[in-house]
Amino acid sequence: MASTINVDIVSAEGQIFSGEAAMVFVPATQGEIGVAPRHAPLLTLLKAGEVRVKLPAGDEQSFYVGGGALEIQPTRVTVLADTALRAHDLDEAQAMKARQQAEEALSDRNSTIDIAEAQAELARAMVQLRMIEKLRKVRS
Amino acid sequence: MAGAKEIRTKIASVKSTQKITKAMEMVAASKMRRAQDRMRAARPYAEKMREVIGRLQIANPDYRHPYLVERPVKSVGMVIVSTDRGLCGGLNVNLFKSVLVQIRDWQAKGVDVQLCVIGSKALQFFKRVRLPIVASVTHLGDRPHLDSLIGPVTVMLDMYKEGKIDALYLVNNRFLNTMSQKPIVQQLIPAEVVSSPDLQQHWEYIYEPSAADILDGLLTRYVESQVYQGAVENVASEMAARMVAMKSATDNAGKLIEELQLIYNKARQAAITKEISEIVGGAAAV
């Protein structure tokens with residue numbers, strides 16, 4: 001029977017690998033697991049590490065994943081890889097940054113800057129209008 | 001020869017503007033193609049994700065993750081994706097208009113709105129209309145990375161978990177084709193993961209560590225990938241819109257140059273005629 005298994009490695013930013021393999025090794029959260037053809041259906045989360053795909057010809061390809069999820073169906077293995085390195089603390093730090101950026105943007109906004117910008121824009125527009133009028137006059 | 005010099009200067013300035021718009025058009029065209037590729041590349045992940053989540057739900061009908069449960073909506077969160085730079089026609093304005101209509105609608109019903117803005121154009125705009133912005137990220141560039149989106153998405157997901165918002169929406173421009181982009185509002189959570197019968201399978205999964213943990217991890221990633229998809233699609237839309245806007249700007253500049261050239265030639269001709277008639281008049285007087 002089938003001595004190979006269909007492997008798809010996809011990340012949010014694109015497909016990383018797709019093809020037949022003799023065996024796949026993935027870093028699951030509970031420890032590294034090797035997936036041979038006809039492995040039992042399994043769903044698990046991955047931690048950061050290396051996914052190694054042993055091709056039917058015998059050579060190996062390896063991919064780095066920042067974590068993700070693994071799904072094993074009877075004839076198909078799907079690795080949903082994270083491109084980003086993540087951990088709970090890291091996510092929280094990122095969230096803090098996004099929150100701060102919003103706060104800063106909201107607080108340091110002097111309305112005077114707004115007005116100055118608008119005035120400059122108005123002045124530019126006026127010059128343009130005058131130019132257009134001039135052109136019209138010359139043409140007619 | 002009145003104004004000939006001014007006209008010449010104006011022609012030169014319009015010409016250099018035309019060169020710039022032309023260059024921007026070409027740059028936008030090539031960037032658009034790359035953005036479209038990225039858009040396509042991101043699709044298989046979201047599809048696979050939806051499949052797995054759908055199957056998980058079928059396999060565990062008794063466990064309902066908070067992200068999948070509908071609750072009475074008192075407050076909503078919106079992730080608004082915009083561009084960082086202008087000169088892309090009415091792309092952002094159209095998006096903001098449709099968002100504002102939606103927001104006013106909610107506010108009329110007494111629903112609070114909390115915003116998470118991506119891109120400096122949205123930040124500027126929603127600051128001016130004074131809506132509460134809880135998170136923002138700008139300067140993603142032409143190649144948005146998932147890393148930079150995790151932060152703002154986490155803020156919104158945390159707010160959802162804490163019950164500060166009861167639904168989360170994503171707003172971005174959908175890339176229909178080069179000529180048209182359409183603002184769309186899409187519900188992220190509670191996620192509408194359709195469990196179609198063809199996802200039903202005949203095998204039982206082994207879960208490690210547990211179905212709940214896996215579902216949690218997957219749903220978070222699912223939401224992130226949707227936001228990423230939105231960001232990438234918005235970049236493609238931006239480039240397409242900029243390409244079209246710059247093309248019409250280039251064409252307009254061409255027309256303007258033609259007109260100016262005509263005016264210049266007339267002015268020059270008039271000056272010459274005047275000069276000749278002066279000479280002739282002078283000769284006749286002698």
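**Exercise 1.** In this predicted model, decide whether Asp82(A) and Arg221(B) are buried or exposed, and find where the two residues lie.

*Solution.* Start with accessibility: Asp82(A) and Arg221(B) are both buried. Next, check the contact. Their side chains form a salt bridge, with an N to O distance of 2.7 Å. Then place the partners: Asp82(A) sits in the loop between strand 9 (76–81) and helix 1 (88–107) of chain A, while Arg221(B) belongs to helix 5 (residues 211–285) of chain B, so that the pair crosses between chains.

**Exercise 2.** Classify the accessibility of Arg52(A) and Glu60(A), which form a salt bridge.

*Solution.* The closest N and O atoms of the pair are 3.6 Å apart. Buried requires under 20% relative accessible area and exposed over 50%. Arg52(A) has 23% relative accessibility and is therefore partly exposed. Glu60(A), at 43%, is partly exposed because this value falls in between those limits.

**Exercise 3.** State how Asp37(B) and Arg40(B) are placed in chain B and how their side chains interact.

*Solution.* Both residues lie in helix 1 (residues 4–59) of chain B, three residues apart, or about one turn of the helix. Their side chains meet in a salt bridge at 3.3 Å, N to O. As for accessibility, Asp37(B) is partly exposed at 43%, and Arg40(B) is partly exposed at 47%.

**Exercise 4.** Which residues are linked with Lys48(B) in a network of salt bridges, and how many salt bridges are there over all chains?

*Solution.* The network links Lys48(B) with Asp8(A) and Arg76(A). Over all chains, the count comes to 13 salt bridges.

Conventions
Residues numbered from 1 in each chain as written. Chains lettered and ligands numbered in written order. Predicted model: local features only at pLDDT ≥ 70, side-chain atom pairs only at ≥ 80, totals over all residues. Heavy atoms only, no water. Salt bridge = Lys/Arg side-chain N within 4 Å of Asp/Glu carboxyl O. Buried < 20%, exposed > 50% of the residue type's maximum accessible area, 1.4 Å probe, protein only. Helix = DSSP H or I, 4+ residues; strand = E, 2+ residues; numbered from the N terminus.
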